[in-house]
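Colleague: Please put the model up so that we can go through the strands, the loops and the contact between the chains.

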Amino acid sequence: MSSLLEVRDLEVKFGLRSGDITAIDGVSFELDPGERMGLVGESGAGKSVTGFAIINLISKPGYISRGSIHFEGKEISAYPPDKMRTIRGNRISMIFQDPMMTLNPVYTIGFQMIETLKAHRDISKSQARAIALEKLKLVQMPSPEKRLAQYPHELSGGMRQRIIIAISLLADPAIIIADEPTTALDVTIQAEIMDLLQELCENEKMGLMLITHDLGVVSQVTEKIAVMYAGKIIEYGPTETVVHHPVHPYTIGLIGSIPGSIEPGKDLRQIPGMMPTLTNIPPGCAFNPRCELAADICTRQTPVLEEKQNGIMAACHMK
Amino acid sequence: MIAFIIRRFLQAVVVMLVISLVVFAIKKEFGDPVRDLVGERVTPEERQQIADKMGLNDPFLVQYGRFVKNAVTKGDLGRSFLYNKPNLEVIITHAPATIELVLGTAFIIIVLSLPLGVYCALKPRSWLSRFTMSFSTLGVSMPVFLTAILLIYLFAVHWQILPSYGRGETVDLFGNGIWMTGLLTIDGLKHLILPCISLSTLMLPLFIRLIRSEMMEVLETEYIKYAWAKGLSPRRVWLVHAFKNTLLPVITVFGVQIGIMFAFTLLTELVFQWPGMGFMFLEAVNRADLSLLIAYLVVVAASFVVVNTVVDILYGFINPTVRIAGTK
């Protein structure tokens with residue numbers, strides 16, 4: 001059987017007056033049922049755009065210019081809006097970064113939960129309410145009945161993110177795409193929310209695509225990792241192996257910059273320089289100006305993602 | 001919610017006291033009521049007596065206190081020598097004409113600005129949006145009296161399909177001679193059309209633009225993107241999620257503008273010879289009926305305060321965050 005979600009050679013462009021900019025350049029990965037994957041990279045690497053591209057919700061003027069997105073045996077990348085709606089919030093749910101901004105301030109939690117269910121199923125309001133309550137209990141929300149009548153501003157950030165997770169669970173989706181779900185939260189709440197997400201995905205057999213810049217979080221929650229740099233996946237493999245034996249110099253640098261990866265008292269490692277902007281990607285390997293190992297070939301030829309060692313795929317000439 | 005309403009009400013009372021104090025202070029500086037009353041041929045001694053009798057020589061605060069007391073307990077705002085009737089009665093009989101003018105204008109504004117503003121936000125590139133936006137610039141920049149005269153020329157003089165002045169046929173709404181309405185007769189409604197259109201040309205473009213820009217801003221928010229991600233239909237995202245948030249600032253502005261419109265009717269009433277409060281005010285200014293002017297200013301201020309208080313309370317119903325702030 002093929003994978004639940006199979007993304008092949010995805011390319012996303014943003015149409016600007018000065019010409020199109022490529023934000024995602026030939027990204028491929030797959031997700032099996034119940035599998036948890038991390039999509040890691042710096043800001044601007046194209047993680048979020050990849051996530052939004054899957055449910056075809058890229059902000060204008062972005063569009064999918066090439067590639068295929070295969071989900072539950074169907075090609076969904078070219079679905080018309082009507083058909084795409086039956087997937088969004090139903091088979092694939094999303095969790096956004098900032099729970100303070102995600103819920104509509106003028107409607108109650110109950111209203112926003114029930115409408116989601118009613119958009120996808122032909123059920124009565126009381127049935128929808130019952131399901132909403134059940135999901136609120138599932139995310140361990142204290143006094144769930146009371147929450148339904150409350151407005152978003154009456155709840156804390158952590159509570160709101162639990163509500164949003166509950167909303168994403170409403171229709172029993174096959175995949176949850178979580179875009180930096182804990183970045184806007186306190187550190188203590190972050191751990192709670194991550195534990196909750198992991199537990200839910202395990203119990204409910206849901207696939208998780210965790211988009212984050214936090215390698216620490218990814219290594220605890222996911223089974224495999226894709227590292228993105230300047231719109232490309234440059235390393236892809238099982239989480240254990242990538243974290244402990246990374247291949248690509250960029251991934252090595254990323255892991256070296258995490259506190260705890262080095263002896264106390266020593267300076268953390270830094271990757272010199274900055275990721276190039278999309279309009280200004282250097283020829284060859286996009287990482288070559290910052291790379292310690294860069295050789296002549298790196299500035300001339302773009303490396304392809306290929307099997308290196310221990311089941312890790314990486315795009316590097318030097319390894 | 002009740003605490004919120006009470007708080008709002010108390011604020012309104014304080015505002016009214018301050019406004020009436022300011023207006024009342026003007027009285028002291030302008031003209032001499034005794035001269036208005038008795039003319040030139042009365043001796044200074046007799047004038048003093050009359051002034052004493054009327055309490056005009058009392059300290060300012062005593063006079064003001066009496067004014068407020070009479071206004072609150074008896075609804076007495078003084079007497080107009082121009083009409084030789086109590087001021088309040090003069091104002092009340094002139095108010096319906098102005099209120100109906102403003103109501104008709106508000107109706108035109110609501111009915112046109114909501115759909116046009118929302119449409120322009122959703123389809124900014126369509127020809128209808130472009131046309132609306134450029135036409136509204138024209139509306140904003142044309143002064144009311146010019147639009148009014150243009151309308152009169154076209155509809156009343158050239159095509160002769162609508163009347164150009166007055167209220168037309170009116171009927172007594174409550175049977176007590178206070179509220180003569182033009183809303184219930186065909187002739188009265190016909191007379192309303194041109195004044196209402198010319199009064200709305202100023203505010204309508206403003207509201208179309210306001211609704212459009214608010215809506216466009218709301219459409220860019222995270223919660224709208226999230227509404228799409230939940231798989232909701234475009235109708236639901238636009239008309240349920242975006243629209244209500246768009247309305248919040250629009251309602252506030254609308255309340256203030258309705259109040260301002262009462263003042264703007266002055267020009268429209270003059271051009272269309274509309275027998276409303278603005279017309280009455282101009283007459284009072286011409287004849288230096290100071291007592292009526294003061295009463296008018298107090299009444300206008302009061303209607304401002306009432307409208308704004310109602311809008312605030314309405315806002316509290318729509319925006320839950322305001323309600324919470326009010327109860328604390």
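Modeller: A residue is buried if 20 or more other C-beta atoms lie within 10 Å of its own. Keep in mind that this is a predicted model.

Colleague: With its count of C-beta neighbours inside 10 Å, is Asn56(A) buried or exposed?

Modeller: Asn56(A) sits in the loop between H1 and E4 of chain A. Its phi is near 50°, a positive value in a residue other than glycine. Asn56(A) has 20 C-beta neighbours inside 10 Å, so it counts as buried.

Colleague: Which peptide bond is cis, with omega near 5°?

Modeller: Most residues other than glycine have a negative phi, and most peptide bonds are trans. Pro61(A) is in the loop between H1 and E4 of chain A, and the bond leading into Pro61(A) has omega near 5°. The cis bond is the one from Lys60(A) to Pro61(A).

Colleague: Which strands are at the edges of the open sheet E2-E1-E4-E5 of chain A?

Modeller: Four strands make up this sheet, and their pairing is antiparallel. An edge strand here pairs on one side only. That description fits strand E2 (19-31) and strand E5 (74-75) of chain A.

Colleague: Which residue in E2(A) stands opposite Gly15(A)?

Modeller: Strand E1 (residues 5-16) of chain A is joined to E2(A) by 10 bridges, and the two run antiparallel. Opposite Gly15(A) in E2(A) stands Asp20(A).

Colleague: At about what angle does helix H1 of chain A run to E2(A)?

Modeller: Helix H1 (residues 47-54) of chain A lies across E1, E2 and strand E4 (62-71). Relative to E2(A), the helix runs at about 70°.

Colleague: Why is one side of strand E6 and of strand E11 of chain A left without a neighbour in the sheet?

Modeller: Eight strands form this open sheet, in the order E6-E7-E8-E3-E9-E10-E12-E11 (chain A), with mixed pairing. Strand E6 (92-95) and strand E11 (306-307) stand at its edges, so one side of each lacks a neighbour: each has a single partner strand.

Colleague: How many residues of strand E9 of chain A are buried?

Modeller: On one face of E9(A), Lys224(A), Ala226(A) and Met228(A) are buried, and on the other Ile225(A), Val227(A) and Tyr229(A) are buried. Both faces are therefore covered, and in a regular strand the side chains alternate between the two faces of the sheet. For strand E9 (residues 224-229), the count of buried residues is six of six.

Colleague: Which residue in E10(A) is the bridge partner of Val227(A)?

Modeller: E3(A) and E9(A) pair in the parallel sense over four bridges, and there Val40(A) has Val227(A) as its partner. E9(A) is also joined to strand E10 (residues 232-238) by six bridges, running antiparallel. In E10(A), the partner of Val227(A) is Glu235(A).

Colleague: Which residue in the turn between E9(A) and E10(A) has a positive phi of about 50°?

Modeller: E9(A) and E10(A) form a hairpin with two residues between them. The residue in that turn with the positive phi is Ala230(A).

Colleague: What is the handedness of the β-α-β unit made by E7(A), H8(A) and E8(A)?

Modeller: E7(A) and E8(A) run parallel and are joined by five bridges; Ile175(A) has Gly207(A) as its bridge partner in E8(A). Five of the five residues of E7(A) are buried. With H8(A) as its helix, the unit is right-handed.

Colleague: Is Glu180(A) buried or exposed?

Modeller: Glu180(A) lies in the loop between strand E7 (175-179) and helix H8 (187-204) of chain A. Its phi is near 50°, which is positive in a residue other than glycine. There are 20 other C-beta atoms within 10 Å of Glu180(A), so the residue is buried.

Colleague: Which element gives the largest share of the side of chain A that touches chain B?

Modeller: 23 residues of chain A are in contact with 18 residues of chain B. The elements that give two or more residues to this side of chain A are helix H3 (99-102) and helix H4 (109-120). The residues on this side divide into 11 nonpolar, eight polar and four charged. The largest share, four residues, comes from H4(A).

Terms used
Residues are numbered from 1 along each chain as its sequence is written. Chains are lettered from A and ligands numbered from 1 in the order in which they are written. This is a predicted model: local features need pLDDT of at least 70, side-chain atom pairs count only at pLDDT 80 or more; totals for chains, interfaces and linings use all residues. Two strands pair if DSSP finds at least two bridges between them. Two residues are in contact if their C-beta atoms, placed from the backbone, lie within 7 Å. Axes are lines fitted to C-alpha atoms, for helices over the stretch in contact, and angles run from 0 to 180 degrees between N-to-C directions. A residue is buried if 20 or more other C-beta atoms lie within 10 Å of its own, exposed if 12 or fewer, and partly exposed in between; C-beta atoms are placed from the backbone. Ala, Val, Leu, Ile, Met, Phe, Trp, Tyr, Cys and Pro count as nonpolar, Asp, Glu, Lys and Arg as charged, and the others, Gly among them, as polar. A crossover is right-handed if, with the strands pointing away from the viewer, the path from the first strand over the helix to the second runs clockwise.
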